[in-house]
Amino acid sequence: MREHADTRTRIQEIALKLFTEQGYEATSLREIAEALGVTKAALYYHFKTKDDIIASLAEDRVRSIEELVTWARSQPHTDEMREELVRRYSHDLYRGRHREVMRFFERNQTSLKNHPTMEKTRERMFELLAFLVDPEDPLSTQLRHSMALFALHASLFMLRDDSITDEERQAAALEVALDLARR
């Protein structure tokens, strides 16, 4: 069973790399199989379509957001909870493959615009945002608080200097996000 999981993980990693570099539409299952050094039949054993690969990549991301939503539901709606939610989201975004998945989503927005996986991800993000925004606040405050999570995302795309480490990128983004999340 371990070998099955390792192969599946390798497929996801190679597909994510190719989808990000070449684009989702421009990458075929054949190219993924060739990059892995396996036959298309071997690839089909794990994933029948590119959409199946996308769904598997997004599962972790969606699950992480759902865990944050569950945590937030169990907390009193305070400024401290809002800041902790931003910290947890930042930590989550920078662990594992989440950065690469977010870069993939950003670079393939047009191809994935109406993909069911993207719709599910958007729905979960709006659930999460509801814990940052108080409908009683002025619109400018609601927008500022909403932008806190997007500041974390922006650090993945806007800070393109290769000399910036992920730790520096995350620290800068978290500083801006926390500032946006405060009243």
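**Notebook: contacts, fold and an aromatic cluster**

I began with the contacts of the chain: of those with a separation of 6 or more, 69% are between residues 24 or more positions apart. I note that this is a predicted model, and every value below was computed from it.

**Entry 1. Overall architecture**

I looked up the secondary structure and found 10 helices and zero strands in the chain. The pattern along the sequence reads α-α-α-α-α-α-α-α-α-α. I then took the extent of the C-alpha trace, which spans about 55 × 35 × 30 Å along its principal axes. For burial, I recorded that 43% of the 183 residues in the chain are buried.

**Entry 2. Aromatic rings**

I searched for aromatic pairs and found three in the structure. F19 and Y24 form one of them, with 5.1 Å from centre to centre and 70° between the planes. I entered this pair as edge-to-face, because the angle between the planes is over 60 degrees.

I checked the accessibility of both partners. F19 has a relative accessible area of 0% and is buried. Y24 also counts as buried, at 6% relative accessibility, because the cut-off for buried is under 20%.

Next I examined F104 and F105. The ring centres of F104 and F105 lie 5.6 Å apart and their planes meet at 45°, so I recorded the pair as tilted. Both F104 and F105 are buried.

How are F19, Y24, F104 and F105 linked into a cluster? I found that ring pairs make the connection among these four residues.

**Entry 3. A charge over the ring of Y24**

I returned to Y24 to look for charged groups at its ring. The charged end of K50 sits over the ring of Y24, at 4.6 Å from the ring centre. Y24 therefore appears twice in my notes: in the edge-to-face pair with F19 and beneath the charged end of K50.

**Entry 4. Packing of α9 and α10**

I looked up how helix α9, residues 139–158, packs with helix α10, residues 166–181. Their axes are 7 Å apart and the angle is about 170°. I therefore described α9 and α10 as roughly antiparallel to each other, because the angle is over 145 degrees.

I listed the residues that make the contact. On α9 they are R144, H145, M147, A148, A151, L152, S155 and L156. On α10 they are R169, A173, L174, V176, A177, L180 and A181.

What is the division of the residues of this contact into nonpolar, polar and charged? I recorded 11 nonpolar, two polar and two charged residues.

Methods:
Residues numbered from 1 in each chain as written. Predicted model: local features only at pLDDT ≥ 70, side-chain atom pairs only at ≥ 80, totals over all residues. Heavy atoms only, no water. Phe/Tyr/Trp six-rings, centres within 6.5 Å; stacked < 30°, edge-to-face > 60°. Buried < 20%, exposed > 50% of the residue type's maximum accessible area, 1.4 Å probe, protein only. Lys NZ or Arg CZ within 6 Å of the ring centre and 35° of its normal. Axes fitted to C-alpha atoms, helices over the stretch in contact; angles between N-to-C directions. Helix = DSSP H or I, 4+ residues; strand = E, 2+ residues; numbered from the N terminus. Parallel < 35°, antiparallel > 145°, perpendicular 65-115°, else oblique. Contact = heavy atoms within 4.5 Å. Nonpolar A, V, L, I, M, F, W, Y, C, P; charged D, E, K, R; others polar.
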